[in-house]
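Here are a few exercises to work through with the model open on your screen. Try each task before you read its solution.

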Amino acid sequence: MKKWKAVPFNIESFCKDEYLAKNYSIVGKSLGRIKFAVLRDPIDRFLSGFVDKCIMRPKDVETRCFACMGNLGCFIEAFYKKLQEVYNTNDTTYHFEVAHMAPQTWYCNFKEHLDDYIFVRYQKCTSGIAVYAREFDKIFRMARVPEDLRREIQGEILVGRTPHTTRGSGPRLAAERELFNNRTLLDIVMKMFYFDYKVFGFSLPDDL
């Protein structure tokens with residue numbers, strides 16, 4: 001049986017240059033005094049990304065998602081290897097799969113600036129979305145965002161769905177069942193996102 005190694009927590013950036021400043025420390029002052037990031041349960045986020053990018057909207061089906069054609073096991077093994085490769089070579093080249101589904105600890109240079117952020121946890125149930133909206137409103141009040149804009153933002157959040165939503169879809173439910181019924185795949189996924197659970201304090205799945 002293969003031995004899988006947890007993906008480390010010290011990569012800096014892998015997004016396209018036009019979307020992300022390369023050195024947080026240098027540009028930090030220009031970002032303003034309030035910085036926040038939205039966090040999501042790592043497995044929930046991974047499954048959502050896989051279903052949305054690899055099953056429901058595969059524009060380049062022959063090459064996207066490692067040409068796994070929606071096969072979850074194929075994708076998990078290939079994605080794990082890609083994350084290890086990116087980390088070991090400090091590769092900042094844009095990779096579609098990595099850009100959309102890499103561990104959350106890989107963003108925003110959290111290793112050095114974790115305490116600079118206010119974290120908002122994504123909520124998927126109806127009551128949770130209301131809490132999520134209130135958390136955003138607190139941040140926007142702190143930033144002195146005008147009340148009319150805050151109301152508009154809160155209204156949009158409370159709608160609760162986006163074009164990328166996979167929650168409750170057949171492919172999402174099937175992927176979730178497959179993952180939690182296959183301990184080998186689940187172990188690999190946990191190694192990929194171990195530091196997301198540890199650093200951000202998410203509860204581990206009941207099956208672990």
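**Exercise 1: The two disulfides**

The link of Cys68 and Cys74 is left-handed, with -70 degrees about the S-S bond. Keep in mind that this is a predicted model.

Task: Find how many disulfides the whole structure has, and work out which pattern they follow along the chain.

Solution:
- Start with the count: a search of the whole structure turns up two disulfides.
- Take the pair from the opening: Cys68 is joined to Cys74, with 1.9 Å from S to S.
- Now the other pair: Cys54 is bonded to Cys65, S to S 2.0 Å.
- Check its handedness: the link of Cys54 and Cys65 is left-handed, at -85 degrees about the S-S bond.
- See what it connects: Cys54 sits in helix α2 and Cys65 in the loop between α2 and α3, so this pair ties together parts that are eleven residues apart in sequence.
- Finish with the pattern: counting bonded cysteines along the chain, you get 1-2, 3-4.

**Exercise 2: Sorting cysteines**

Task: Decide whether Cys68 is buried or exposed, then do the same for Cys74 and Cys108.

Solution:
- The cut-off you need is that buried means under 20% relative accessible area, exposed means over 50%, and partly exposed is in between.
- Cys68 has a relative accessible area of 7%, so Cys68 is buried.
- Its partner Cys74 comes in at 34%, so Cys74 counts as partly exposed.
- Cys108 has 27%, which means Cys108 is partly exposed.
- For the other disulfide, Cys54 and Cys65 are both buried.

**Exercise 3: Around Gly70**

Task: Say where Gly70 lies and which residues it touches, not counting those up to four places away in sequence.

Solution:
- Gly70 is placed in the loop between α2 and α3.
- With a relative accessible area of 28%, Gly70 is partly exposed.
- Skipping residues up to four places away in sequence, Gly70 touches Phe50, Cys54 and Ile55.
- For a distance check, go C-alpha to C-alpha from Gly70 to Met56: they are 9.1 Å apart in space and 14 residues apart in sequence.

**Exercise 4: Mapping the cores**

Task: In the largest nonpolar core, find which residues touch the most other members and which element gives the most.

Solution:
- This core has 35 residues, and Phe46, Phe75, Ile76, Phe79, Leu179 and Met192 touch the most other members.
- Several elements supply at least two residues each, including β1 (35–39), α2 (42–56), α3 (72–89) and α8 (170–180).
- The biggest giver is α3, with seven residues.
- Zoom in on Phe46: beyond four places in sequence, its contacts include Leu72, Phe75, Met101, Val189 and Phe193.
- Don't miss the second, separate core of nine residues; Val120, Ile129, Tyr132 and Phe140 are among them.
- As background, nonpolar side chains tend to be buried together in soluble globular proteins.

**Exercise 5: How far to trust it**

Task: Find which helix has the lowest mean pLDDT and which the highest.

Solution:
- Begin with the overall picture: the protein averages a pLDDT of 84, and 77% of the residues score at least 70.
- Among the elements, α1 (residues 24–27) has the lowest mean, 58, and α9 the highest, 97.
- Then look at residues 13–19: pLDDT stays under 50 there, and the model has 17 contacts beyond four places in sequence for them.

Key
Residues numbered from 1 in each chain as written. Predicted model: local features only at pLDDT ≥ 70, side-chain atom pairs only at ≥ 80, totals over all residues. Heavy atoms only, no water. Core = buried A, V, L, I, M, F, W, Y, C linked by side-chain atoms within 4.5 Å. Buried < 20%, exposed > 50% of the residue type's maximum accessible area, 1.4 Å probe, protein only. Helix = DSSP H or I, 4+ residues; strand = E, 2+ residues; numbered from the N terminus. Contact = heavy atoms within 4.5 Å. pLDDT = per-residue confidence, 0-100. Disulfide = S-S within 2.5 Å.
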